[in-house]
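Here is a short set of exercises to work through with the model open beside you. Try each task before you read its solution.

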Amino acid sequence: VLPVVAIVGRPNVGKSTIFNRIVGSRVSIVEDEPGITRDRIYSSGEWLTRKFNVIDTGGIEIGDEPFVRQIKHQAEIAMDEADVIVFVTNARDGITQADQEVANMLYKTNKPVILVVNKVDDVNFRDQIYEFYSLGLGDPIATSAVHGIGFGDMLDQIVLQM
Ligand code: GDP
Ligand code: MG
């Protein structure tokens, strides 16, 4: 049985793009509009000979539930199913109310949480990651899913914690 890595976070932070890069395929659909991805949500990945399964919880939707209920439900699934939780935020928007809602859920788990600040496409966004320390979920890891920056650091942490 492979360890399970679950990706959580509010819509439009880059979860599906990160998922696609981790699983090394382009089968998932990435949409520009928040909350309208119709993605493949389960796949597997590998890093430094360690194999694992990955869930993009953002692709799990339940009926017509309002947005905040959806992301809370997705976080619950991650906390139930995962060995390692990857919480994705982004540097462009800073910490939003919805990010804080997800963090509030994750404070309840004993499972390892890896805090990712995505959309750090260049050094100009680098300073934006510091405010994420205030979430109290450890050191934020800066990534750019479109350019693949920070993926070595993120995957090192994932396999270290699983
Ligand atoms: P999700 O809703 O969290 O799954 O987010 P998506 O992966 O669908 O990405 C939402 C939008 O952000 C898409 O337009 C992506 O191309 C874009 N995006 C994702 N990662 C990055 C990144 O690292 N940098 C930039 N500039 N855009 C990104
Ligand atoms: Mg998505």
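## Exercise 1: Placing three residues

Asn110 sits in the loop that links α3 to β5. This is a predicted model, with a chain average pLDDT of 90 and 91% of the residues at 70 or above. Its scores are ipTM 0.99 and pTM 0.92.

**Task.** Decide whether Asn110 is buried, partly exposed or exposed, then do likewise for Glu76 and for Asp64.

**Solution.**

Step 1. Count C-beta neighbours around Asn110: there are 6 others within 10 Å. A residue with 12 or fewer counts as exposed, so Asn110 is exposed.

Step 2. Move to Glu76, which belongs to helix α2. Glu76 has 15 other C-beta atoms within 10 Å, so this residue is partly exposed.

Step 3. Finish with Asp64, found in the loop between β3 and α2. Asp64 is exposed because its C-beta neighbours inside 10 Å number 7.

Step 4. Now set sequence separation beside distance in space, C-alpha to C-alpha. Asn110 and Met79 are 31 residues apart along the chain and 8.8 Å apart in the model. For Glu76 and Val8, the values are 68 residues and 9.6 Å. Asp64 and Gln128 are 64 residues apart in sequence, with 34 Å between their C-alpha atoms.

## Exercise 2: A helix pair

**Task.** Describe how α2 packs against α3: at what angle do the axes cross, with which hand, and through which residues?

**Solution.**

Step 1. Two packed helices are described by the angle and the distance between their axes.

Step 2. Take the axes of α2 (residues 67-81) and α3 (residues 97-106): they approach within 10 Å and cross at roughly 35°. The crossing of α2 past α3 is right-handed.

Step 3. List the residues that meet. From α2 come Val68, Ile71, Lys72, Ala75 and Glu76, and from α3 come Ala98, Glu101, Val102, Met105 and Leu106.

Step 4. Sort these contact residues by character: seven are nonpolar, three are charged and none is polar.

## Exercise 3: A covered helix

**Task.** Work out how many residues of α1 are buried, and name the elements that cover them.

**Solution.**

Step 1. Helix α1 spans residues 15-23, and eight of its nine residues are buried.

Step 2. Those eight are Lys15, Ser16, Thr17, Ile18, Phe19, Asn20, Arg21 and Ile22.

Step 3. Look for what lies over them. The cover includes the strands β1 (4-8), β2 (42-47), β3 (50-56), β4 (84-90) and β5 (113-118), along with helix α4 (151-161).

Step 4. Follow the chain out of the helix: Gly24, just after α1, has a positive phi of about 70°.

## Exercise 4: Positive phi outside glycine

**Task.** Check phi at Asn12 and Lys119, and decide whether each residue is buried or exposed.

**Solution.**

Step 1. Recall that most residues other than glycine have a negative phi.

Step 2. Asn12, in the loop between β1 and α1, has a positive phi near 75°. Asn12 is buried, because 20 other C-beta atoms lie within 10 Å.

Step 3. Lys119, in the loop between β5 and β6 (141-142), likewise is not a glycine and has a positive phi, about 70°. With 22 C-beta neighbours inside 10 Å, Lys119 is buried.

## Exercise 5: Into the core

**Task.** Find which residues have the most contacts inside the largest nonpolar core, then trace the surroundings of Ile114 and Ala142.

**Solution.**

Step 1. The largest nonpolar core holds 42 residues, and those with the most contacts inside it are Ile85, Val86, Phe87 and Ile114.

Step 2. Set aside neighbours within four places in sequence. Ile114 then contacts Val84, Val86, Phe87, Ile141, Met154, Gln157, Ile158 and Gln161.

Step 3. Turn to Ala142 in strand β6. Ala142 is buried, since 21 other C-beta atoms lie within 10 Å.

Step 4. Leaving out residues up to four places away in sequence, Ala142 touches Val117, Val120, Arg126, Ile129 and Gly150. The C-alpha atoms of Ala142 and Val117 are 4.9 Å apart, although 25 residues separate the two along the chain.

Terms used:
Residues are numbered from 1 along each chain as its sequence is written. Chains are lettered from A and ligands numbered from 1 in the order in which they are written. This is a predicted model: local features need pLDDT of at least 70, side-chain atom pairs count only at pLDDT 80 or more; totals for chains, interfaces and linings use all residues. A nonpolar core is a set of buried Ala, Val, Leu, Ile, Met, Phe, Trp, Tyr and Cys residues joined through C-beta atoms within 7 Å. Two residues are in contact if their C-beta atoms, placed from the backbone, lie within 7 Å. Axes are lines fitted to C-alpha atoms, for helices over the stretch in contact, and angles run from 0 to 180 degrees between N-to-C directions. Helices (H or I, at least four residues) and strands (E, at least two) are DSSP runs, numbered from the N terminus. A crossing is left-handed if the near helix is turned anticlockwise from the far one by less than a right angle, and right-handed if clockwise. Ala, Val, Leu, Ile, Met, Phe, Trp, Tyr, Cys and Pro count as nonpolar, Asp, Glu, Lys and Arg as charged, and the others, Gly among them, as polar. pLDDT is the predictor's confidence in each residue, from 0 to 100.
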